[in-house]
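Welcome, and please open your viewer with the cartoon display on. We will go from stop to stop, selecting a few residues each time.

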Amino acid sequence: MPELPEVETVKRTLNQLVKGKEIDHVTVNLARIIQRPDDIDQFAFMLAGQTIQGVERRGKFLRILLDDLVLVSHLRMEGRYGVYDSSEPVEKHTHVIFHFKDGTELRYKDVRQFGTMHLFQPGEELNMPPLSKLGLEPLDADFTVEKFQAALAGKTTKIKAVLLNQAYVVGIGNIYVDESLFRAGIHPEQLTNTLTDEQFQALHQAVVATLSESVEVGGSSIKSYVNGQGEMGMFQHQLKIYGRQNQPCQSCGTLIEKSVVGGRGTHFCPVCQSIKP
Ligand SMILES: [Zn+2]
C-alpha cells in the first residue's frame, strides 16, 4: 500500500506533470471508484472544462484542486496515476481517464479496485468524509510534540495500534510505524498512557525524521510501487527494522523479532525496544 511518503511523491509528481492542464472530458470505466457524486455521468460532466490548479495532500488522500471543484483521490492498495499521450494504448485495469485538451491523458489504474474518488465544492471536502475525521498531519510545520502528545494522551491501547489509527495522526502506515518505534527505542506493545515525556519526544522526532527522509528519497513501499513518472522508489534500502526478522539489529546485533500487534506484522529489537516499567 502506498504510504504517506509515496502519496507525497505522487502529489509532487502530479504537480509537475498535470498542473495547468485543462480537462476536455473524462472516461469512467469502473463506476465503483467514483464515490461522489453517485452518478458517473454527473462526475464526468462536472469535470469537463476544469483546469488542474494544483495537487495537495491530506493524510494519504490527494486533493486535486480544479477551477471550482476539488477531487479527493485515495490510491488504497494498488492505485496508480500515469500521464500518457492519448495515442498510447490503454493498459488493463485503467478505470478513469482524464483527457486533456493538449492531447495528453491522466490515467488512473488500479488492479485491486479499492481506490476511491470524491468530488466536492472547494472547502466542503475538509468537513465531510473521508477527510473530516483525519488526525494531525505529521509533515506540517505545526505538528509539535505538544500537539502529538495531547492527541495520544490517556490512550490505554498499545502505542503501535494508536499510531496506525488515522484519527490521531494521519499517514503513518505499518512500515513507518515500525521504523519510527525502532528509532525511538519504544516497544510496539508498550501501552500509550505509560509513555514518558521523553519517550513522546523521541517518538515525535522519530516519526517526523522517518517520514521526511523517505519523502526525500522519493518514497516507496515494499511492493514494486511506481510513482507517477514511472520511477521505482528507493526507500526499501533504508529500512532498519521492517521486514528484517531474524537478522541482527544494526544497533546491538540482537536478532530482530516479528510478532503481530494491532493485526499487523510487527518488527522490533527485543533489546533496543524493551518495555519501560
Ligand atoms: Zn537492538
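Strands here are DSSP runs of E at least two residues long, numbered from the N terminus, and two strands pair if DSSP finds at least two bridges between them. Keep in mind as you look around that this is a predicted model.

**Stop 1: a hairpin to begin with**

Select β3 and β4: these strands form a hairpin with two residues between them. Gly59, in the turn, has a positive phi of about 60°. Five bridges join β3 to β4, and the two strands run antiparallel. To see one of the pairs, show Arg57 and its bridge partner in β4, Leu62.

**Stop 2: the five-stranded sheet**

Now widen the selection to the sheet around this hairpin. In what order do the five strands of this open sheet lie? The order is β2-β9-β5-β4-β3, and the pairing is mixed. At the edges you will find β2 (34–36) and β3 (54–58), each of which pairs on one side only. Neighbouring strands of this sheet are turned by 25° against each other on average, direction ignored.

Next, pick out β5 (residues 70–74) and β9 (residues 116–120), which pair in the antiparallel sense over five bridges. Leu71 makes a good landmark here, standing opposite Leu119 in β9. Add α1 to the view: this helix packs on the sheet and touches β3 and β4 (61–65). The direction of α1 makes about 170° with that of β3.

**Stop 3: the four-stranded sheet**

Select residues 23–28 and 80–85, which are β1 and β6. They belong to an open sheet of four strands in the order β1-β7-β8-β6, with antiparallel pairing. Why is one side of β1 and of β6 left without a neighbour in the sheet? Both strands stand at the edges with a single partner strand each, so one side of each has no neighbour there. From one strand to the next, the twist averages 20°.

Stay with β6 and bring in β8 (residues 104–109): six bridges join these antiparallel strands. Show the side chains of Tyr81 and Tyr108 too, since Tyr81 stands opposite Tyr108 in β8.

**Stop 4: backbone details in the loops**

Switch to sticks for a few residues. Pro37 lies in the loop between β2 and α2 (40–47), and the peptide bond from Arg36 to Pro37 is cis, with omega near -5°. Another cis peptide bond joins Pro129 and Pro130, with omega about 10°. Pro130 is found in the loop between β9 and α3.

Then select Arg76, in the loop between β5 and β6. Arg76 is not a glycine, yet its phi is positive, at about 45°. Is Arg76 buried or partly exposed? Arg76 counts as partly exposed because it has 16 C-beta neighbours inside 10 Å.

**Stop 5: two domains**

Colour residues 4–127 as domain 1 and residues 145–268 as domain 2. The centres of the two domains, taken over C-alpha atoms, are separated by 29 Å.

**Stop 6: helix α6**

Select residues 197–216, which make up helix α6. At 1.5 Å a residue, its 20 residues should span 28 Å, and the end C-alpha atoms are 29 Å apart, which agrees.

Which residues of α6 are buried? Show Phe200, Leu203, His204, Val207, Thr210, Leu211 and Ser214. They cover an arc of only 140° around the axis, so they sit on the same side of α6. Residues three or four places apart point the same way because an α-helix has 3.6 residues a turn. What covers the buried residues of α6 includes α1 (4–18), α3 (145–152) and α5 (174–184). Turn to the face of α6 pointing away from its buried side, and you meet the exposed residues Asp197 and Glu198.

**Stop 7: a last loop and a last hairpin**

Asn246 lies in the loop between α6 and β10 (257–261). Its phi is positive, about 70°, although Asn246 is not a glycine. Asn246 is exposed, with 8 other C-beta atoms within 10 Å.

Finish with β10 and β11 (residues 264–268), antiparallel strands joined by five bridges. Ser259 has Thr266 in β11 as its bridge partner. The hairpin of β10 and β11 has two residues between the strands, and Gly262 there takes a positive phi near 60°.

Definitions and conventions: Residues numbered from 1 in each chain as written. Predicted model: local features only at pLDDT ≥ 70, side-chain atom pairs only at ≥ 80, totals over all residues. Axes fitted to C-alpha atoms, helices over the stretch in contact; angles between N-to-C directions. Expected span 1.5 Å × (residues − 1). Buried ≥ 20, exposed ≤ 12 C-beta atoms within 10 Å, placed from the backbone. Arc of directions from axis to C-beta. Contact = placed C-beta atoms within 7 Å. Domains from an automatic or database assignment.
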